[in-house]
Amino acid sequence: MRAFWLAALLALPAGAQEEAFPYTPPSRSFSCTMLTGWTAFEQPSPAGTVTHIMGPESAPGWRPSYHVHLVERGKPGYREPRAMLKALRRSEDASEREATSLETWRVARKSARLFEVRERRFSPAGRLPAELRALHHFYAYVPGVGEDYFIVKLTTSEDEYLKLRPEFRRFLESMRIVGY
């Protein structure tokens, strides 16, 4: 296992080696390298578990964040992968939302599907005072074990999404499905 993490750290882009460290959530469903200064916690969800990885504050009251959802067959919130991707790409009444087309990419030695969503929504939703925010979401569908799968989402502000696009790819390249 030590050799795996050494190889993962050496595979990072130049300059990023000091900034990332190995991370595995308590559920041991996956492992990745997480940037220094980012914090993580895990919680149950109706579809399985979700790991939240929060970045440092980049604007007052705003942090870029990853949400790694393990969607487990047999849980009440489970959706078939095709239905889940369709729902994530669909526009909502409460926001202006547009999605890019699906792109195929290799993540954890599996064929993953990536897409991006731009949206403008009021935050906090349903409360005043609210601020109109321009958000950018990076999504990846990654097959798991059996019929389970992961939805990896990086949410950023529209101002910083170009800077974080390579970070999203780096995170996906470091991701490994450990088993659960």
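In the predicted model, E158 has a relative accessible area of 22% and is therefore partly exposed. This value lies above the limit for a buried residue, which is set at under 20%. The side chain of E158 meets that of R118 in a salt bridge, with a distance of 2.7 Å from N to O. The two residues belong to distant parts of the chain: R118 is located in strand β8, whereas E158 occupies the loop between β10 and α3 (161-174), and 40 residues separate them. R118 is likewise partly exposed, because its relative accessible area is 33%.

The salt bridge between R118 and E158 belongs to a broader set, as a search of the whole structure finds ten salt bridges. Another of these pairs R73 with E147, whose closest N and O atoms are 3.0 Å apart. This pair also links distant parts of the chain, with R73 in the loop between β5 and α2 (81-89) and E147 in the loop between β9 (131-143) and β10, at a separation of 74 residues. R73 has a relative accessibility of 41% and so counts as partly exposed. E147 is partly exposed as well, because its relative accessible area is 48%. Through salt bridges that share partners, R73, E80 and E147 are joined into one network.

A further salt bridge is formed by R97 and E119, with 3.6 Å between the closest N and O atoms. Here the connection runs from strand β6 (residues 95-99), which contains R97, to strand β8 (residues 110-123), which contains E119; the two residues are 22 residues apart and lie in distant parts of the chain. Both partners, R97 and E119, are buried.

Attention now turns to the pairing of strands. Strand β1 (residues 20-23) and strand β2 (residues 30-35) run antiparallel and are joined by four bridges. Within this pairing, F21 has M34 in β2 as its bridge partner. The two strands form a hairpin with six residues between them, and R28 in the turn has a positive phi of about 60°.

A second hairpin is formed by β3 and β4, with two residues between these strands. Seven bridges join strand β3 (residues 39-45) to β4 in an antiparallel arrangement, and E42 is matched with T51 in β4 as its bridge partner. Strand β4 is also joined to strand β5 (residues 65-71), again by seven bridges and with the strands running antiparallel. In this second pairing of β4, T49 stands opposite L70 in β5. Of the seven residues of strand β4 (residues 48-54), six are buried, so the strand is largely enclosed by the rest of the structure.

A single buried position in another strand was also examined. L154 lies in strand β10 (residues 149-157). The relative accessibility of L154 is 0%, and the residue therefore counts as buried. Apart from its neighbours within four places in sequence, L154 is in contact with W38, S65, Y66, H136, H137, F138, L164 and F168. Among these contacts, S65 and Y66 fall within strand β5 (residues 65-71). The contacts H136, H137 and F138 fall within β9 (131-143), and L164 and F168 fall within α3 (161-174). The C-alpha atoms of L154 and F171 are separated by 9.8 Å, the two residues being 17 residues apart along the chain.

Conventions
Residues numbered from 1 in each chain as written. Predicted model: local features only at pLDDT ≥ 70, side-chain atom pairs only at ≥ 80, totals over all residues. Heavy atoms only, no water. Buried < 20%, exposed > 50% of the residue type's maximum accessible area, 1.4 Å probe, protein only. Pairing = 2+ DSSP bridges. Contact = heavy atoms within 4.5 Å. Salt bridge = Lys/Arg side-chain N within 4 Å of Asp/Glu carboxyl O.
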